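Trainee: Could you take me through one part of this model closely, namely the sheet, and then follow what packs against it and what ties the surrounding parts together? I would welcome one connected account.

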Amino acid sequence: MSATAAPAAAPTESTSAVLNVPAAAPAEAAAHYAARLAFEADVSDVHADLESGAPGIVVVDTRGEAAWEQGRVPGALHIPTARIAELAPQLVDPSLTVVTYCWGPGCNGATRGALAFARLGYRVKEMLGGFEYWAREGFAYETAAGTDQRPVDDLTAPRSGITCAC
């Protein structure tokens, strides 16, 4: 018996995992990203508005009491999600855009809070990153014991403390 060589493997085409689903047409992409920005704000932009006193927004912490006491965005209102329908009409000016936040990216409490405000007729945006990224970007926050601040986490913001300017 003679041994035969195995046939040469056919060259494989390189495929892209990213392009397995083709990118949207530019006009569709523009509409999608514009829509996202209508619903979201990042912590740097919220911080800039609060620091400058820019009119038009109110920041609402949708977490429970223990989380509120542990740390919160300075000047935020505390309205836990379960109490938004009850308390918002008394506490939140309907002419303002509400910016909701919760713990962080792994929590959808800000999303649920934003939904509750929207159902009441408020304009609303969700603060991406929540309290976690507020603290990680080095912004001062209030606690039950007073004001606190952590060093900038250089995986979330430039070490200089200056915003990423994106």
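Mentor: In this predicted model, the part in question is an open sheet of 5 strands, ordered β1-β5-β4-β2-β3 and paired in parallel. The strands β1 (40-42) and β3 (77-78) stand at the edges; each has a single partner strand, so one side of each is left without a neighbour in the sheet.

The pairings can be followed from one edge to the other. β1 pairs with β5 in the parallel sense over 3 bridges, and Ala41 stands opposite Met127 in β5. On the next step, β5 and β4 are joined in the parallel sense over 4 bridges, with Thr100 opposite Glu126 in β5. At the other edge, strand β2 (residues 57-61) and β3 form a parallel pair over 2 bridges, where Val60 stands opposite Leu77 in β3.

Two helices may now be placed on this sheet. Helix α5 (residues 109-119) packs on the sheet and touches β2, β4 and β5, and its direction makes about 155° with that of β4. Helix α2 (residues 43-52) lies across β1, β2, β4 (97-101) and β5 (123-128), and it runs at about 75° to β1. The connection through α5 has a defined hand: β4, α5 and β5 make a right-handed β-α-β unit.

Within the sheet, one charged residue deserves attention. Asp61 is found in strand β2. Its relative accessibility is 0%, and because the limit for a buried residue is under 20%, Asp61 counts as buried. Leaving aside neighbours within four places in sequence, Asp61 is in contact with Trp68, Gly71, Arg72, Ala76, Leu77, His78, Ile79, Pro80 and Tyr101. Among these partners, Leu77 is the residue that stands opposite Val60.

The nonpolar packing comes next. The largest nonpolar core has 15 residues, and those with the most contacts inside it are Val46, Val59, Val73, Ala76, Tyr101, Met127 and Trp134. At least two residues of this core come from each of α2, β4 and α6 (130-136), and α6 gives the most, with 3 residues. A second, separate core of 12 residues includes Val58, Val60, Ala88 and Ala114. To return to the largest core, Val46 shows how its members meet: not counting residues up to four places away in sequence, Val46 touches Ala41, Val59, Val99, Met127 and Trp134. Two of the residues named here, Ala41 and Met127, are also those that stand opposite each other in the pairing of β1 and β5.

What, then, ties the surrounding parts together through charge? Side chains of opposite charge can pair when their charged atoms come close. With a limit of 4 Å between nitrogen and carboxyl oxygen, the count comes to 6 salt bridges. One of them joins the side chains of Glu142 and Arg72 at 3.7 Å, N to O. Glu142 lies in strand β6 (residues 141-143) and Arg72 in the loop between α3 (65-70) and β3, so the pair ties together parts that are 70 residues apart in sequence. The two partners differ in exposure class: Glu142, at 27% relative accessibility, counts as partly exposed, whereas Arg72, at 11%, counts as buried. Arg72 also appears among the contacts of Asp61.

A further salt bridge is formed by the side chains of Arg83 and Glu86, at 2.9 Å, N to O. Arg83 is partly exposed at 37% relative accessibility, and Glu86 is partly exposed at 45%.

The last pair belongs to α6, the helix that gives the most residues to the largest core. Here the side chains of Arg136 and Glu132 meet in a salt bridge of 3.0 Å, N to O. Arg136 and Glu132 are 4 residues apart in helix α6, which means that about one helical turn separates them. Arg136 has a relative accessible area of 23% and is partly exposed; Glu132 is partly exposed as well, at 32%. Salt bridges that share partners join Glu132, Arg136 and Asp153 into one network.

Notes. Residues numbered from 1 in each chain as written. Predicted model: local features only at pLDDT ≥ 70, side-chain atom pairs only at ≥ 80, totals over all residues. Heavy atoms only, no water. Pairing = 2+ DSSP bridges. Contact = heavy atoms within 4.5 Å. Axes fitted to C-alpha atoms, helices over the stretch in contact; angles between N-to-C directions. Buried < 20%, exposed > 50% of the residue type's maximum accessible area, 1.4 Å probe, protein only. Right-handed = clockwise from strand over helix to strand, strands pointing away. Core = buried A, V, L, I, M, F, W, Y, C linked by side-chain atoms within 4.5 Å.
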